[in-house]
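Me: I would like a close look at one part of this model, with the side-chain contacts around it. Please keep the account plain.

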Amino acid sequence: MPRYEFSEGTSNKFWEIKLDGKSFTTTYGKIGSNGQTTLKKFAMEGAAKAEYDKLIAEKVKKGYKLVGGKTAQPAKSTKAAPVAAKTASKSASAASASGTPGAKYYEFVEGSSSKFWEIVVDGNSVKTRYGKIGSGGQQTVKDFGSRADAMKEHDRLVAEKTRKGYVAKGGGGATAAAPATTSNPELEKAIDANPYDEDAYSVYADWLQDQGDPRGELIALFLGKKDKQAKALIQKQKAYFLGPLAEHQQTYDGEDTDAFTWKYGFIHALRLSHDHYANDEWKGRLVDVLDEVLRHPSGRFLTEITFVFNNDPNESTLQPLIDLLAKRAPKTIRKLFFGDYQYCGPFGPTATGNTEISWYSIGKLGKLWKAVPKLQTLIVQGGSSVSAMGPGFELGTLELPEAERIEIRTGGLEKKNVNAIHSAKLPKIEHLEIWYGDDNYGGNGTAKDVAALLARTDLPKLRTLGLRNAMFTDDLPELLAKSRLVRQLSTLDLSMGCLTDAGAELLAKHKDAFAHLDTLDVSENYLTKKGVAALKGVAKKVIAKEQREQDDPEDRYPVVGE
């Protein structure tokens with residue numbers, strides 16, 4: 001069996017092919033592995049041989065070198081070859097003429113039955129086409145009150161056909177404009193396991209190109225750092241790579257930033273935002289946009305999602321988006337950011353910012369965690385407590401076995417959320433940052449609550465701990481000095497709170513407990529020059545910038561409240 005290898009940069013791949021009459025097998029993967037094997041059958045030997053020669057030529061053109069074998073020789077021609085070529089050409093032509101851009105295409109072949117079925121959602125309508133394979137078939141159109149209802153009918157019909165034995169094929173027959181339904185579970189499983197692994201995408205690209213799927217070329221362009229050409233290909237074949245997503249490529253919040261970040265041939269990161277004050281022309285719903293992305297083949301390996309505004313920055317929650325993600329989150333989700341906006345500064349609504357942090361409501365997050373078991377980064381920024389402005393957010397029971405970084409930013413962390421984060425199961429956490437906030441905005445946690453966190457012995461990888469934006473910072477030094485958890489840290493962040501010279505003196509008193517720290521951050525507290533001086537030498541590096549002045553204890557507050 002001829003074996004070809006490709007080694008360039010971080011890519012080290014092999015590809016083998018063996019022709020056997022009316023079929024051929026290909027084996028491919030990382031050099032050193034057993035690789036994956038696929039079998040492709042044809043109606044006639046000539047058609048198999050023609051495709052066999054074509055694939056070898058493509059691999060050689062891409063830079064694959066023959067190793068450990070003889071160059072594949074053209075097989076002896078057969079009388080059936082011209083007939084096979086003519087038949088294949090005619091079949092492809094018929095499929096291309098009748099295929100529907102954006103459609104999913106299925107076939108059912110059993111006994112004397114040889115049927116196809118195709119479905120696509122167009123606006124608020126569901127269009128189906130069906131008939132004998134090779135024919136133009138018949139078409140039906142059914143209208144619905146909303147696109148969401150149309151999608152529900154789409155899902156119901158697809159499930160029904162699948163139960164009957166219909167098998168998904170390339171979208172729209174041979175139509176290049178239809179979203180690919182080409183699937184290789186084993187190769188996709190490798191990407192699900194690590195959506196940042198370029199080698200996994202590289203092998204997948206080779207397989208897709210063997211199947212004639214244009215996404216293989218797109219992946220190869222991105223891997224080759226040819227982003228300009230890749231983006232041009234996306235726009236050239238917009239119906240294929242985007243379909244209904246084409247109109248949602250920018251946010252609806254006056255910023256008009258990219259909603260989709262492409263990487264490795266797929267939408268890698270998604271940014272969802274609609275501020276109706278900045279864009280009152282768009283009448284759609286973000287939950288429908290998220291639904292479209294999760295359904296579309298280009299969103300198959302979605303890895304990072306950022307949520308900004310969902311219509312009204314001060315009143316609307318993210319709950320519909322959370323609920324949908326809890327039901328349909330891709331296995332590849334690794335990062336979630338709830339509330340990526342600029343909150344107003346300490347001088348109120350006139351300060352630069354999109355909204356007050358405690359006015360921003362997220363919703364109930366508890367049901368989401370089981371749907372994203374491989375989540376690595378979580379950032380939550382918004383109001384924590386229930387108020388007249390909204391329901392805030394509820395973390396629920398946090399169990400994230402793969403989480404490495406978590407930031408909970410709020411102007412007032414409610415007790416139930418304090419307890420949720422302090423007791424969360426986070427065996428791999430390296431960076432944990434908590435903003436406790438102001439009791440005027442629901443921040444009813446205390447130093448006693450923090451003691452429970454500092455007593456934990458089941459966070460072996462934690463190196464950075466931020467106990468930030470707290471009213472009770474002066475009450476922490478004694479607890480920190482006794483904590484075993486602090487001994488394993490490299491960075492301790494007590495910034496944005498109410499640390500005074502009294503608290504600084506206690507830190508200095510127990511400086512032996514902090515001498516191992518690379519960094520102690522006490523920025524934006526209430527330290528005088530004396531207090532800052534007292535901290536000299538407490539850690540290898542002490543950051544004490546932007547201290548605030550306030551002699552009256554009653555008027556001291558964390559940096560972020562409202």
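Which residues form one aromatic cluster together with Phe266 and Phe301?

Reply: The model is a predicted one. The aromatic cluster consists of Tyr201, Tyr204, Trp207, Tyr264, Phe266 and Phe301.

Two of its members can be described in detail. A pair of aromatic rings is described by the distance of the centres and the angle of the planes. For Phe266 and Phe301 the ring centres are 4.8 Å apart and the planes stand at 80 degrees, so this pair is edge-to-face. The two residues come from distant parts of the chain, 35 residues apart: Phe266 belongs to strand β12 (residues 266-275), while Phe301 sits in the loop between α9 (286-295) and β13 (304-311). Phe266 and Phe301 are both buried.

Over the whole structure, a search finds 19 aromatic pairs. Another of these is formed by Tyr240 and Phe241, whose ring centres lie 4.9 Å apart with the planes at 85 degrees, so this pair is edge-to-face as well. Tyr240 counts as buried because its relative accessible area is 3%, under the 20% limit. Phe241 has 0% relative accessibility and is therefore buried too.

Next come the charged contacts, beginning with helix α5. The whole structure has 31 salt bridges. One of them joins Asp206 to Lys13, with 3.4 Å between the closest N and O atoms. Here again distant parts of the chain are linked: Asp206 is in helix α5 (residues 198-210) and Lys13 is in strand β2 (residues 11-20), 193 residues apart. Both partners are charged residues that are nevertheless buried, Asp206 at 6% relative accessible area and Lys13 at 8%.

Helix α5 also supplies Glu198, whose side chain meets that of Lys225 in a salt bridge with an N to O distance of 3.6 Å. Lys225 is in the loop between α6 (215-223) and α7 (227-236), so this contact ties helix α5 to a part that is 27 residues away in sequence. The burial of this pair can be read from the accessibilities. Glu198 is partly exposed, because its 26% lies between the limits of 20% and 50%. Lys225, at 62%, is over the 50% limit and so counts as exposed.

A further salt bridge is found between the side chains of Asp493 and Arg468, at 3.4 Å from N to O. This one connects two strands, with Asp493 in β21 (residues 491-493) and Arg468 in β20 (residues 464-470), 25 residues apart. Asp493 has 14% relative accessibility and counts as buried; Arg468, at 15%, is buried as well. Returning to Asp206 and Lys13, these two belong to a network of salt bridges with shared partners that also takes in Lys59 and Asp210.

The last item is a charged patch on the surface. Glu549, Asp551, Asp552, Glu554 and Asp555 form a negative surface patch. Among them, Asp551 is located in the segment after β23 (542-543). Asp551 is exposed because its relative accessibility is 74%, over the 50% limit.

To return to the request, the aromatic cluster includes Phe266 and Phe301, and these two residues are buried. Helix α5 takes part in salt bridges through Asp206 and through Glu198.

Definitions and conventions: Residues numbered from 1 in each chain as written. Predicted model: local features only at pLDDT ≥ 70, side-chain atom pairs only at ≥ 80, totals over all residues. Heavy atoms only, no water. Patch = residues over 30% accessible without salt bridge, like charges linked within 9 Å, V, L, I, M, F, W, Y side chains within 5 Å. Areas by Shrake-Rupley, 256 points an atom, 1.4 Å probe, with all protein chains shown as cover. Salt bridge = Lys/Arg side-chain N within 4 Å of Asp/Glu carboxyl O. Lys, Arg positive; Asp, Glu negative; His and termini not counted. Charge placed at Lys NZ, Arg CZ, Asp CG, Glu CD. Helix = DSSP H or I, 4+ residues; strand = E, 2+ residues; numbered from the N terminus. Buried < 20%, exposed > 50% of the residue type's maximum accessible area, 1.4 Å probe, protein only. Phe/Tyr/Trp six-rings, centres within 6.5 Å; stacked < 30°, edge-to-face > 60°.
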